[in-house]
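Hi,

Here is the structure I said I would pass on. Have a look at it first, and my notes come right after.

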Amino acid sequence: MSTLPGNYAKQLAKMGIGATPFSRMKGQADNEFNNRNHRKIVVIDGIIGYTGGINIADEYINEIERFGHWKDVGIRLEGEAVFELTKLFLI
């Protein structure tokens, strides 16, 4: 989170990738409560959706051992379920 530049969405837009920042952090992440959740939802053009673990770091692909052997699971959805993911994202 702290490694991405503040204009990251604009950098992605220059590459043709639409991204919208949401639930921006307020205050200090190390000592103040923020209202984020752990939902991981990706919706692509309203047609394909992904949800699940979707953690991206060396410890989640077992490149390094931080939490023991880790098994992360994500699912791909198509059809009406993608609209439901979109609604969950907007809540």
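Below is what turned up, going from the overall fold down to single residues.

One thing up front: this is a predicted model, so please read everything here in that light.

**The overall picture**

The protein has 91 residues, and its secondary structure amounts to 2 helices and 3 strands. Starting at the N terminus, the order of elements is α-β-β-β-α. Just 9% of the residues count as buried. The exposed surface comes to about 7,900 Å², and 55% of that is supplied by carbon and sulfur atoms. If you take the contacts between residues at least 6 apart in sequence, 42% of them join residues at least 24 apart.

**The sheet and the helix on it**

How are the 3 strands ordered in the sheet? They go β1-β2-β3, in an open sheet with antiparallel pairing. That leaves β1 and β3 (74-78) as the edge strands, each pairing on one side only. From one strand to the next, the twist averages 15°. Helix α2 packs on this sheet and touches β1, β2 and β3, with its direction at about 125° to that of β1.

As for the pairing itself, β2 (residues 48-52) and β3 run antiparallel and are joined by 5 bridges. One pair to look up in the viewer is Ile48, whose bridge partner in β3 is Glu78. As general background, strands of a sheet pair through backbone hydrogen bonds, in either a parallel or an antiparallel way.

**Salt bridges**

How many salt bridges does a search of the whole structure find? The answer is 2.

- Arg76 and Glu78: their side chains meet at 2.9 Å, N to O. Glu78 is the residue that also serves as bridge partner to Ile48. Arg76 is partly exposed, at 46% relative accessibility.
- Lys87 and Glu84: here the side chains meet at 3.3 Å, N to O. Both residues sit in helix α2 (residues 80-90), and because they are 3 residues apart there, about one helical turn separates them. Lys87 is partly exposed with a relative accessible area of 39%, and Glu84 is partly exposed too, at 40%.

The general idea behind such pairs is that side chains of opposite charge can pair when their charged atoms come close.

**A nonpolar patch**

Which residues form a nonpolar patch on the surface? They are Val42, Ile44 and Ile54, with about 200 Å² of accessible area together. Val42 belongs to strand β1 (residues 41-44), which is one of the edge strands of the sheet. Its relative accessible area is 36%, so Val42 counts as partly exposed.

**An unusual backbone angle**

Last item: Asp45. This residue has a positive phi of about 55°, although it is not a glycine. For context, most residues other than glycine have a negative phi. Where does Asp45 lie? You will find Asp45 in the loop between β1 and β2. Is the residue buried or exposed? With a relative accessible area of 71%, Asp45 is exposed; the cut-off for that label is over 50%.

That is the whole list from my side. Shout if anything looks odd when you open the file.

Cheers

Terms used: Residues are numbered from 1 along each chain as its sequence is written. This is a predicted model: local features need pLDDT of at least 70, side-chain atom pairs count only at pLDDT 80 or more; totals for chains, interfaces and linings use all residues. Side-chain values use heavy atoms; hydrogens and water are left out. Helices (H or I, at least four residues) and strands (E, at least two) are DSSP runs, numbered from the N terminus. Buried means under 20% relative accessible area, exposed over 50%, partly exposed in between (1.4 Å probe, protein chains only). Contact means heavy atoms within 4.5 Å. Accessible areas come from the Shrake-Rupley method with a 1.4 Å probe; for residues, only the protein chains shown count as cover. Patches are made of residues with over 30% relative accessible area and no salt bridge: like charges are joined within 9 Å, nonpolar side chains (Val, Leu, Ile, Met, Phe, Trp, Tyr) within 5 Å. A salt bridge is a side-chain nitrogen of Lys or Arg within 4 Å of a carboxyl oxygen of Asp or Glu. Two strands pair if DSSP finds at least two bridges between them. Axes are lines fitted to C-alpha atoms, for helices over the stretch in contact, and angles run from 0 to 180 degrees between N-to-C directions.
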